[in-house]
Amino acid sequence: MSNRRVSRRSAAAVAALVAVIALVAGCTSDKAGSSGKEAEPAAKVTVDPGNGTTDVNPKTAVSVSVTGGRIDQVALTNPNGKQVAGEFTPDHTKFTVTEPLGYGITYTWNGTATGTDGKPVAIDSKFSTVTPKSTATATLNIGDGQEVGIAAPIILQFKGHVSDKAAVERALTVTTTPNNEGAWAWLPDDNGGSRAHWRTREYWQPGTKVQVAAKLYGLNLGGGVYGDSDITSDFTIGRSQIVKANAPSHRMQVVRDGQVVFDFPVSYGEGNEDRNVTRSGVHVVTEKYEDFMMSNPPYYTNVRERWAVRISNNGEFIHANPMSSGAQGNTNVTNGCINLSNGDASSYFPTALYGDPVEVTGTRINLSAADGDLYDWTIDWSTWKSMSALQGDPSPVVSATPMPPQAPGGTR
């Protein structure tokens, strides 16, 4: 009987031990489930460009964004600690840089974001911008607010050679109100570098509003040379004023808005030698001086002339010259300029605008590239368009200006 009790007690003890083991095993399993790999923070930070990226274009879109949370604070700084301007989205999930970056600079992101789980996440990243071989500056010939004549080309002049002209041309826009048909053409490098001219098919429509934008900063001009800065200009086309200069007539008419306002007796180039032939073709007014010292050695040096309006870079002016007053209206005796009396020259002078066309006809030599850097109107339209670097690109269809009237006594 005692042996039976022992067996019962032993069985009870074994059952109790099994229960304890099971309980312990169950507790161990629960702890293992809760103490595994710690959960990732809810906030996920993305920087663009990515950490360590090099040769970033300084006009590339730059931002930092967060999913599963919001940005508490962030700054993009250069090595001097200067912060780059930017703005948040309303929900603070993205910060975007709003100003161009510099060339050859390493930028650093610093900041924090907080996830929906309340856990903070550091924003820490770096990238660097491209370092150009060199940069090239450029200028526009027409400034903001300027009023110019109806034959004025837009000239983008680079200080240095541009090898990727197509890339540059794609970065150029000309907006005209009303529309005027026009096109870019690349002329031979002059004045220290490459140059692109934008010319209308016919003369500008008077009163046209023009906006020019050259987005050159951050642009690879070819060979590792980058644009130095963007350039813009807003200007206006003035009244229509055309000088009709027919050499055989010994007269010069000034036609404003279709009406003859001046009809002066003048003297043109004598024409007995090539050097003193007033060139035929559409010249453009580029400068004017109340007093100007002219030289044409060995024929004359430092002669003071009054009311001088330059019409080409080969030395052709419309100006007063009392010395030729006896020939004005009847004989051509000058060295190539158009001579007027003091009174007539002083009347014409204040009416002349940069970009006014001067249509010379009736001489034996035509204006050409040999006569300076502004001979745009001597080039026919189909040839002009072929001088674009984007000949295969589609061109917008816009309205054209009327054909300019012909000069008296001859054709344009």
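Which residue in S25 is the bridge partner of Lys288? In this predicted model, where local features need pLDDT of at least 70, side-chain atom pairs count only at pLDDT 80 or more and totals for chains, interfaces and linings use all residues, the partner is Val309. Residues are numbered from 1 along each chain as its sequence is written, and side-chain values use heavy atoms, with hydrogens and water left out.

The two strands in question are S24 (residues 287-296) and S25 (residues 300-310), which pair in the antiparallel sense over 8 bridges. Strands here are DSSP runs of E with at least two residues, numbered from the N terminus, and two of them pair if DSSP finds at least two bridges between them. With 3 residues between them, S24 and S25 form a hairpin.

Elsewhere, 4 strands make an open sheet with mixed pairing, in the order S11-S19-S16-S13. Strands S11 (147-148) and S13 (172-177) each have a single partner strand, so one side of each edge strand is left without a neighbour in the sheet. The pairing of S11 with S19 (residues 231-237) is parallel and runs over 2 bridges. Here Val148 stands opposite Ile237 in S19.

Now to the rings. Across the whole structure, 12 aromatic pairs are found; rings of Phe, Tyr and Trp (its six-membered ring) pair if their centres lie within 6.5 Å. Such pairs link Phe88, Phe95 and Trp109 into a cluster. Charges also sit over rings, a term that requires NZ of Lys or CZ of Arg within 6 Å of the ring centre and within 35 degrees of the ring normal. Lys165 lies over the face of Trp186, at 5.5 Å from the ring centre, and the charged end of Arg306 sits over the ring of Trp307, 4.4 Å from its centre.

A search for empty space finds 1 cavity of 30 Å³ or more, a cavity being a set of points on a 1 Å grid over the protein atoms alone where a 1.4 Å probe fits but cannot get out. The largest cavity holds about 60 Å³ of space. Among its lining residues (those with an atom within 4 Å of a point) are Val284, Thr286, Asp371 and Tyr375.

Finally, how confident is the predictor? The mean pLDDT (confidence in each residue, from 0 to 100) is 89, and 86% of residues reach 70 or more. Over residues 1-33 pLDDT stays under 50, and the model has 0 contacts (heavy atoms within 4.5 Å) beyond four places in sequence for them. Residues 394-412 also stay under 50, with 42 such contacts.

Terms used: Phe/Tyr/Trp six-rings, centres within 6.5 Å; stacked < 30°, edge-to-face > 60°. pLDDT = per-residue confidence, 0-100. 1 Å grid on protein atoms, 1.4 Å probe; cavity = no way out; pocket = protein on both sides within 12 Å on 5 of 7 lines; lining within 4 Å. Points joined across faces, edges and corners; volume = space filled by probe spheres on them.
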